[in-house]
Amino acid sequence: MRGKNGPPLSMAGAEGDDSLYPIAVLIDELRNEDVQLRLNSIKKLSTIALALGVERTRTELLPFLTDTIYDEDEVLLALAEQLGSFTVLVGGPEYVHCLLPPLESLATVEETVVRDKAVESLRKISQEHSPVDLEVHFEPLVKRLACGDWFTSRTSACGLFSVCYPLERWVTHFRTLCSDDTPMVRRAAASKLGEFAKVLELDYVKSDIIPLFTALASDEQDSVRLLAVEACVSIATLLPQEDLEALVMPTLRQAAEDKSWRVRYMVADKFSELQKAVGPEITKNDLVPAFQNLLKDCEAEVRAAAANKVKEFCENLPEDSRETIIMTHVLPCVKELVSDTNQHVKSALASVIMGLSTILGKDNTVEHLLPLFLAQLKDECPEVRLNIISNLDCVNEVIGIRQLSQSLLPAIVELAEDAKWRVRLAIIEYMPLLAGQLGVEFFDEKLNSLCMAWLVDHVYAIREAATCNLMKLVEKFGAEWAQNTIVPKVLSMSNDPNYLHRMTTLFCINALSEVCGQEITTKHMLPVVLKMASDQVANVRFNVAKCLQKIGPVLDSSALQAEVKPVLEILATDQDMDVKYFAQEAISGMSPFWALLSHCPPECSLSFTLFPSGLHSSHLGLNIFLRLQRNDAGDKGRLVAFYLLLVLIRSVLMSV
């Protein structure tokens, strides 16, 4: 057999030697036309290497892999990842250099993710080389990559300099790559500049890295300049405070005003990290004006990135001048962004602006921030409104629930009653989140009536969303709260003259039955549903049939037999075809369980549902199963036990 464009691999004696079988399988699968088979074989390399042993792995498997690096990218990616953890399989650190040839080949392929993974694996195994092996095997590899004719090898070399020793002699190679003719190589060098600087002595950082940083930050390609901004953070943390102004700040100021919006975006995105790196004095003198400019940038992407950093920037300001800087320099820009024309900018600001209240205190929040919150709460973009509502607890902690209710909640109520149904729908979707922020007592006092009013809205989408909203509220506040607050109001709608409202009662029962539990559903909801089975409107009656089928898993067996079954049988003979159809569907769905219940002897009465989803406790079901298994339960009891066991098994499987 021959690998792809590679030399033959000796398979002599394969038929008689079982130890050769794994490598034969590997070769066959690697040559298979199916990419997935080749990928699977690569993922089994460690198993195959273990079967072959360390010597044959070094002498046969690795050369074969090196010669077969002409495959699909996903196969090569898996191979690069596998080789990074192959040290033990080739005999330990003494032989780890055997892994370098295939990884070197992978580090030169065209696909970026494969090269990156190969470099990652090379960095990993470099830690397992002895100093002698590093010099003899690893460093020549890095030199070959750095001097390669094709740009792919030179980009990979950029990520390996920081693991070579002594580092100082690699500065020249790195400098060469920073001025390479190919932009992709300069990009790779810029992305690794900060990492390389961290492992050098400070003198080399000042004398060699800073000039490289300055050159890359002035590169003609904006994709190189923006990566130099990332390096700026690392370099600034290495330099003493007195050197920052002269060595870093001119380049950083230049980047903050760069003609390319991508570079300015990167500055905005890294602004908090830059702020921490340069310290409070430079922040006050240089970064505050730069941040103002970014907040006012002509490109929406830059404004959004800067807006997202407003809270962090303000938190990191010096305490002695924080409030003054915010009120004088930051807040005017924030007020402009609240009415920005781009929704992404407004959304980014809304996600952090509430956090300013804890920084500025109660008085400033009430006077300056609340009007901004109010404006954003009325914004046409739903994401902006959601970001404000989801962070109300920040403001609540500062100004208190009373002040909050007087200022923001009227706006929420106004939106909840908006003439446009889509606006009302948006507020309904936020209501469970808002309820969690404000607590049950405040919710009952201020917002409960709104939630109930939505149930009788003239738009079906609103009534449907309101039903789902009730279920989520019960999940937050509990079944007891539902029984006292929600359930009576819902059930009273069953007597409403409007049949649409009566149907909403059934929809609410469908949604609430599971979260309220068996007792509330059986005692309070079921009688109302059964009563509505005689409604004059056919749409209500067939929804009764659907409702009974829906809540069946929650009801106990006695209610199913004595109350639900007779009503469904009556509905199954209804004159309306739709009512008859849905009633028969419900009967068909429940008939196996009624048949099972009919075989249960009187002494083995079951006060639980035999639907899998109705088993409220596996322990309860198991106890009943064991009781039915006793000899005195009789044959019928043991038959029921057998069926119950099947139900229990199914219940467990469905819950896994």
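Begin by selecting W421, and then show what surrounds it: leaving out residues up to four places away in sequence, W421 touches V459, A461 and I462. Keep in mind throughout the tour that this is a predicted model. W421 is found in helix α27, and because its relative accessibility is 30%, it counts as partly exposed. If you draw a line between the C-alpha atoms of W421 and A461, you will find them 8.5 Å apart in space, although their positions lie 40 residues apart in sequence.

Next, widen the selection to the helices themselves, α27 (residues 421-438) and α30 (residues 460-477), whose axes come within 9 Å and cross at roughly 5 degrees. An angle under 35 degrees counts as roughly parallel, which means that α27 is roughly parallel to α30. To see where they meet, colour W421, R424, L425, I428, M431, P432, L433, A435 and G436 on α27, together with A461, I462, A465, A466, N469, K472, L473, K476 and F477 on α30. Of the residues in this contact, 13 are nonpolar, two are polar and three are charged.

Move now to another pair, helix α2 (residues 35-43) and helix α5 (residues 73-83), where the axes come within 9 Å and cross at roughly 0 degrees. With that angle, α2 is roughly parallel to α5. The residues to select are V35, R38, L39, I42 and K43 from α2, and E74, V75, A78, L79 and Q82 from α5, since these make the contact. Six of the contact residues are nonpolar, one is polar and three are charged.

For a third pair, select helix α23 (residues 356-377) and helix α24 (residues 382-389); how do they cross? Their axes come within 8 Å and cross at roughly 135 degrees, and α23 and α24 are therefore oblique to each other. The contact is made by F373, Q376 and L377 on α23 and by V384, R385, I388 and I389 on α24, a group with five nonpolar residues, one polar and one charged.

Now select helix α18 (residues 280-295), and follow its path to L287, where there is a kink of about 45 degrees, shortly before the proline P289. Which residues of α18 are buried? They are I282, T283, D286, L287, V288, A290, F291, Q292, L294 and L295.

From here, turn to the largest nonpolar core, which has 212 residues, and select F86, I235, V310, I353 and L548, the ones with the most contacts inside it. Centre the view on I235, which is in contact with L193, A197, I209, I210, F213 and V248 once its neighbours within four places in sequence are set aside. In soluble globular proteins, nonpolar side chains tend to be buried together.

A loop comes next: S260 lies between α15 (249-256) and α16 (261-269). Is S260 buried or exposed? Its relative accessible area is 8%, so S260 is buried. Beyond its neighbours within four places in sequence, S260 is in contact with D222 and R225.

Finish at L571, in helix α35 (residues 557-571), which counts as buried because its relative accessibility is 3%. Setting aside neighbours within four places in sequence, you can select A533, R541, V544, A545, V579, K580 and A583 as the residues in contact with L571. Then select F582, which is 11 residues from L571 along the chain, with 8.6 Å separating their C-alpha atoms.

Conventions:
Residues numbered from 1 in each chain as written. Predicted model: local features only at pLDDT ≥ 70, side-chain atom pairs only at ≥ 80, totals over all residues. Heavy atoms only, no water. Axes fitted to C-alpha atoms, helices over the stretch in contact; angles between N-to-C directions. Helix = DSSP H or I, 4+ residues; strand = E, 2+ residues; numbered from the N terminus. Parallel < 35°, antiparallel > 145°, perpendicular 65-115°, else oblique. Contact = heavy atoms within 4.5 Å. Nonpolar A, V, L, I, M, F, W, Y, C, P; charged D, E, K, R; others polar. Core = buried A, V, L, I, M, F, W, Y, C linked by side-chain atoms within 4.5 Å. Buried < 20%, exposed > 50% of the residue type's maximum accessible area, 1.4 Å probe, protein only. Bend = angle between axes of the 7 residues up to and from the residue.
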